[in-house]
Number of protein chains: 2
Amino acid sequence: MATTNRAATDRARPAYFAQLATERLDIALCRASSAVARAADAHATEEGLGVGQHLVLQMLDAVGPCSQQALSEELRIDRSVMVSICDDLEQSGHIRRERNPRDRRSYAVTITDSGRRRLAEAQASIPAFLEDTFRVLTPDERGQLSAILGKLLQPGNSGEQ
Amino acid sequence: MATTNRAATDRARPAYFAQLATERLDIALCRASSAVARAADAHATEEGLGVGQHLVLQMLDAVGPCSQQALSEELRIDRSVMVSICDDLEQSGHIRRERNPRDRRSYAVTITDSGRRRLAEAQASIPAFLEDTFRVLTPDERGQLSAILGKLLQPGNSGEQ
DNA sequence: CAAAGATTGTTTGACAGCAGATGATTGGCG
DNA sequence: CGCCAATCATCTGCTGTCAAACAATCTTTG
């Protein structure tokens with residue numbers, strides 16, 4: 001099946017991507033993110049709890065009842081997407097949407113016992129997932145990556161003035 | 001405007017995201033990528049040449065005529081997306097789609113002089129864009145990030161068999 | 001108190017990204 | 001040669017994401 005017999009049009013493509021990745025840090029970042037996001041999505045599907053749903057439960061458990069607005073801002077999830085995430089969680093009985101008596105425009109989204117149990121279950125599988133996804137990196141490199149991403153994400157870099 | 005007078009529901013949200021980002025490297029990566037992608041898109045729109053179009057011209061200039069298939073694989077752009085990218089480039093006169101005489105199923109996508117000029121023009125603005133986007137990182141950190149992303153992107157990590 | 005403006009949750013429409021099916025072509029194998 | 005699998009470009013439909021519009025509510029200002 002033409003191991004060495006490649007036409008001119010077909011020849012010169014050994015690892016052009018590697019070169020591109022070194023020149024265009026932005027492209028490399030996006031492609032790596034796509035791969036990781038795909039892995040996270042696959043893991044979430046297998047686990048039966050969407051990534052967004054997991055994050056919402058985790059934040060509610062950590063900081064207590066929140067408005068959808070607060071969840072959106074802190075988790076960097078669009079508020080119109082947050083609606084359906086909360087819809088699903090509510091239908092599963094993992095959260096309740098109580099009205100905030102101080103501001104009846106907003107909800108006080110509250111995690112239920114069922115939600116806490118589901119969260120604990122999902123949390124248990126995260127370390128293995130992370131270990132698997134970032135297996136190729138040494139602990140040092142993971143630390144570096146975390147620090148670098150932290151810098152890139154600090155406010156003022158893009159979007160939010 | 002309620003500087004200190006925050007209700008319980010509204011209180012406990014100072015920088016939960018920062019904590020999340022340190023625990024979930026995958027989420028941090030995706031959020032940072034979104035921000036960078038948004039910046040790249042804005043820059044491309046301003047420049048008048050889409051990111052994908054730019055990458056295609058750059059690869060054609062570097063390695064010579066290619067099939068859309070080769071472009072898709074090396075640039076990590078879905079082949080069905082590549083169709084419209086090439087449609088646009090062809091309509092602008094920056095590439096030609098000649099048939100590959102050795103395999104008439106595929107094209108030999110070829111960059112034109114117009115395309116080369118356009119590419120040079122677009123390339124000129126890339127260094128400033130990168131410098132601006134990754135301004136918060138030291139040269140050392142940029143090197144680390146490049147190396148780490150290279151590792152994450154090396155084949156076999158996810159997806160491809 | 002009344003009017004204007006801002007904020008919260010929601011719905012709608014547009015658009016990119018991707019999986020799968022299709023038509024044309026090639027190569028393998030009897 | 002004639003059939004079958006594989007490949008390339010393309011098209012179609014689905015899903016997820018985002019911007020903009022909307023109603024309800026709060027806040028500010030006169």
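Is A:Cys66 buried or exposed? At 3% relative accessibility, A:Cys66 counts as buried. The views below come from a predicted model, and each legend takes up one part of it.

**View 1. The cysteines at position 66.** Here we look at A:Cys66, which is buried at 3% relative accessibility. B:Cys66 counts as buried too, at 3% relative accessibility. If you're hunting for disulfides, there are 0 over all chains. One residue in contact with A:Cys66 is A:Leu71, which brings us to the core in a later view.

**View 2. Chain A from end to end.** Chain A is built from 9 helices and 2 strands. Starting at the N terminus, the order of its elements is α-α-α-α-α-α-β-β-α-α-α. Of the 161 residues in chain A, 44% are buried. Take the contacts in chain A with a separation of 6 or more: 46% of them join residues 24 or more positions apart.

**View 3. Where to trust chain A, and where to go easy.** Chain A has a mean pLDDT of 87, with 87% of its residues at 70 or more. Confidence in chain A is highest in helix α4 (residues 51–63), at a mean of 96, and lowest in helix α1 (residues 8–11), at 39. The pLDDT stays below 50 over residues 1–13 of chain A, a stretch that has 11 contacts in the model beyond near neighbours in sequence. Where pLDDT is low, the predicted coordinates shouldn't be read in detail.

**View 4. Two copies and the rotation between them.** Chain A lands on chain B after a rotation of 180° with 0.0 Å of shift along the axis, and the RMSD is 0.1 Å. The two copies are therefore related as by a two-fold rotation axis. Both copies use the same surface: 100% of the contact residues of chain A recur in chain B.

**View 5. Inside the largest nonpolar core.** This core, the largest nonpolar one, holds 84 residues. Which residues have the most contacts inside it? They are A:Leu71, A:Leu75, B:Leu71 and B:Leu75. Zoom in on A:Leu71 and, leaving aside neighbours within four places in sequence, you'll find it in contact with A:Val56, A:Met59, A:Leu60, A:Cys66, A:Arg76, A:Met82 and A:Val109.

**View 6. A leucine of chain A that meets chain B.** A:Leu55 sits in helix α4 of chain A. With a relative accessible area of 1%, A:Leu55 is buried. Setting aside neighbours within four places in sequence, its contacts are A:Leu75 from its own chain, plus B:Leu20, B:Arg24, B:Ile27 and B:Arg31 from chain B. For a sense of scale, the C-alpha atoms of A:Leu55 and A:Ile77 are 9.9 Å apart, and these residues are 22 apart along the chain.

**View 7. An arginine of chain B that meets chain A.** Now switch to the partner seen in the last view, B:Arg24, which is in contact with A:Leu55. B:Arg24 lies in the loop between α2 (16–23) and α3 (25–47) of chain B. Is B:Arg24 buried or exposed? B:Arg24 counts as buried, at 5% relative accessibility. Apart from neighbours within four places in sequence, B:Arg24 is in contact with A:His54, A:Leu55, A:Gln58, A:Ile126, A:Phe129 and A:Leu130.

**View 8. The strand pair, chain by chain.** In chain A, strand β1 (residues 95–99) and β2(A) run antiparallel and are joined by 5 bridges. A:Ile95 has A:Ile111 as its bridge partner in β2(A). Strand β2 (residues 107–111) of chain A has 4 of its 5 residues buried, so the rest of the structure largely encloses it. Over in chain B, strand β1 (residues 95–99) pairs with β2(B) in the antiparallel sense, again over 5 bridges. There, B:Arg96 has B:Thr110 as its bridge partner in β2(B). Strand β2 (residues 107–111) of chain B also has 4 of its 5 residues buried, so it too is largely enclosed by the rest of the structure.

**View 9. An arginine with a positive phi.** Most residues other than glycine have a negative phi. A:Arg76, though, has a phi near 55°, a positive value. You'll find A:Arg76 in the loop between α5 (68–75) and α6 (79–91) of chain A, where it counts as partly exposed at 32% relative accessibility. In chain B, the phi of B:Arg76 is also near 55°. B:Arg76 is placed in the loop between α5 (68–75) and α6 (79–91) of chain B, and at 37% relative accessibility it counts as partly exposed.

Definitions and conventions:
Residues are numbered from 1 along each chain as its sequence is written. Chains are lettered from A and ligands numbered from 1 in the order in which they are written. This is a predicted model: local features need pLDDT of at least 70, side-chain atom pairs count only at pLDDT 80 or more; totals for chains, interfaces and linings use all residues. Side-chain values use heavy atoms; hydrogens and water are left out. pLDDT is the predictor's confidence in each residue, from 0 to 100. Contact means heavy atoms within 4.5 Å. Copies are superposed by least squares on the C-alpha atoms of residues with pLDDT of at least 70 in both. A disulfide is a pair of cysteine sulfur atoms within 2.5 Å. Buried means under 20% relative accessible area, exposed over 50%, partly exposed in between (1.4 Å probe, protein chains only). A nonpolar core is a set of buried Ala, Val, Leu, Ile, Met, Phe, Trp, Tyr and Cys residues joined through side-chain atoms within 4.5 Å. Two strands pair if DSSP finds at least two bridges between them.
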